[in-house]
Amino acid sequence: MTLCFATEARFVKSEGKYYSLGGFGKGLWERYLEHFDELVVIARVSEDGNMIGEDAALASSDRVRFIELPYYIGFNGYLKNKRKIRRLISASINKDFCYICRLPGQIGGIVSGILRRKGIPYACEVVGNPWDVFARGSVTHPLRPLIRMMATISLKYQVRRASACLYVTRKTLQRIYPAGESSFSVGVSDVIVSDNDFAASPKVMESKDSYTIVSIGSLDQMYKAPDVLLKAMMLLKQKGINTRLLWMGDGKYRPDMVRLAEKMNVDAFFTGNLPREKVHSELEDADMFVLVSRTEGLPRAVIEAMAHGLPCIGTRVGGIPELLEDTVLIDKDEPLQLAGKIEKMIKDHDFADRQAQRNLMTARYFKEERLKQLRAGFFEYIKKQHSVR
């Protein structure tokens, strides 16, 4: 049985092989291939014959093939390619396939719409909230308010009409985007946390001259709010509290953030994308993890930091409140609140150590073996529905 997976993820093709630009490699595909014979991925693909791809990012195999869509970035890029994307997707639809649309997203939305018109059922993975994605400060576009409203309405419609829904949160996205009354529904994180990802013991905060803060996230948009973190560091420096930021992730706003850090005279290093082993090494050496996103589903980066036994600070958006205590949460776009939380971590070592211990314990909920059973129920429902069509 073949599963067709529609996603906003982007890939690069080099010498006939496909490489993920962010977490959609063979390791992720294994969870689908345990239940299906073949995986067909509908996604944006660019071609770069000079690229030297890393094995960890390899996304193709003898059981995984791609339906290539134009490689666009941003809403304007989507509009320019919309007609061609629809034509390519419509021509690729096969009634003998099972379908999962990863939502929200333009590609998943197009696929789900075409499937509805053809009378073919689809399942969805709900991984985010467009109301937050298109909030002020997250995206700069003259039509942002209209896009925000329409994307939210569309997602509610797409989810209600899906035959099965897998949410990456336990309750947050379910409340905003409920499944249809007759639909199968389950909440399962899409984060893979293996035994090797866990620290032997939680971080113990120590007194030092400067404290290392780690954050992880794409800089293609301002969703992860690096500007807010830099402003908080500037406020701390004015109080004589020295911090060093290590930001792992790349994107078009990276040069802007480097310049902003220089302008604010704070110690910040934007590394670009790093191999997974290096990411783990940097987490091990950090004093705390901060992710003050303007929009989120259930962030992989926070869970991985928790598994490394780090004290964490986040925003009250998406699924972050399901992961962290309210005592370490701030409102989005509030650098003053963030500076206060970081200062508390630095000055109140007992508080920081309790958070580290609590995070390491909580992260065990996301062990892959524990979540496999829940995810298996979702896949088996899709297969059963297909067999009775």
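Buried, in this briefing, means under 20% relative accessible area, exposed means over 50%, and partly exposed is the range in between. With that in hand, F5 is easy to place: its relative accessible area is 0%, so F5 is buried. Keep in mind that this is a predicted model. Below is a quick tour of its aromatic rings, two surface patches and one buried leucine.

**Aromatic rings**

- Searching the whole structure turns up 16 aromatic pairs.
- One of them joins F5 and Y32, with 5.1 Å from centre to centre and 55 degrees between the planes, which makes the pair tilted.
- That pair ties together distant parts of the chain, since F5 sits in strand β1 (residues 2-14) while Y32 belongs to helix α1 (residues 26-33), 27 residues apart.
- Like F5, which has 0% relative accessible area and is buried, Y32 is tucked away: its relative accessibility is 2%, so Y32 counts as buried too.
- F5 and Y32 are also members of a cluster linked by ring pairs, along with F11, Y18, F24, W29, F36, F66, F378 and F379.

**A positive patch on the surface**

- Over on the surface, R170, K171, R175 and R370 come together as a patch of positive charge.
- Among these, R370 is part of helix α14, which covers residues 368-387.
- How accessible is R370? Its relative accessibility is 41%, so R370 counts as partly exposed.

**A nonpolar patch on the surface**

- There's a nonpolar surface patch as well, covering about 570 Å² and built from W131, L143, L146, M149, M150 and I153.
- Which helix gives this patch its largest share? That's helix α5 (residues 144-160), with four residues.
- L146 is one of the residues found in helix α5.
- With a relative accessibility of 44%, L146 falls between the 20% and 50% cut-offs, so this leucine counts as partly exposed.

**A buried leucine in a strand**

- L291 is located in strand β12, which runs over residues 288-291.
- Buried or exposed, which is L291? L291 has a relative accessible area of 0%, so it is buried.
- Along the chain, L291 and E47 are 244 residues apart, and their C-alpha atoms are separated by 32 Å.

Conventions:
Residues numbered from 1 in each chain as written. Predicted model: local features only at pLDDT ≥ 70, side-chain atom pairs only at ≥ 80, totals over all residues. Heavy atoms only, no water. Patch = residues over 30% accessible without salt bridge, like charges linked within 9 Å, V, L, I, M, F, W, Y side chains within 5 Å. Areas by Shrake-Rupley, 256 points an atom, 1.4 Å probe, with all protein chains shown as cover. Salt bridge = Lys/Arg side-chain N within 4 Å of Asp/Glu carboxyl O. Lys, Arg positive; Asp, Glu negative; His and termini not counted. Charge placed at Lys NZ, Arg CZ, Asp CG, Glu CD. Helix = DSSP H or I, 4+ residues; strand = E, 2+ residues; numbered from the N terminus. Buried < 20%, exposed > 50% of the residue type's maximum accessible area, 1.4 Å probe, protein only. Phe/Tyr/Trp six-rings, centres within 6.5 Å; stacked < 30°, edge-to-face > 60°.
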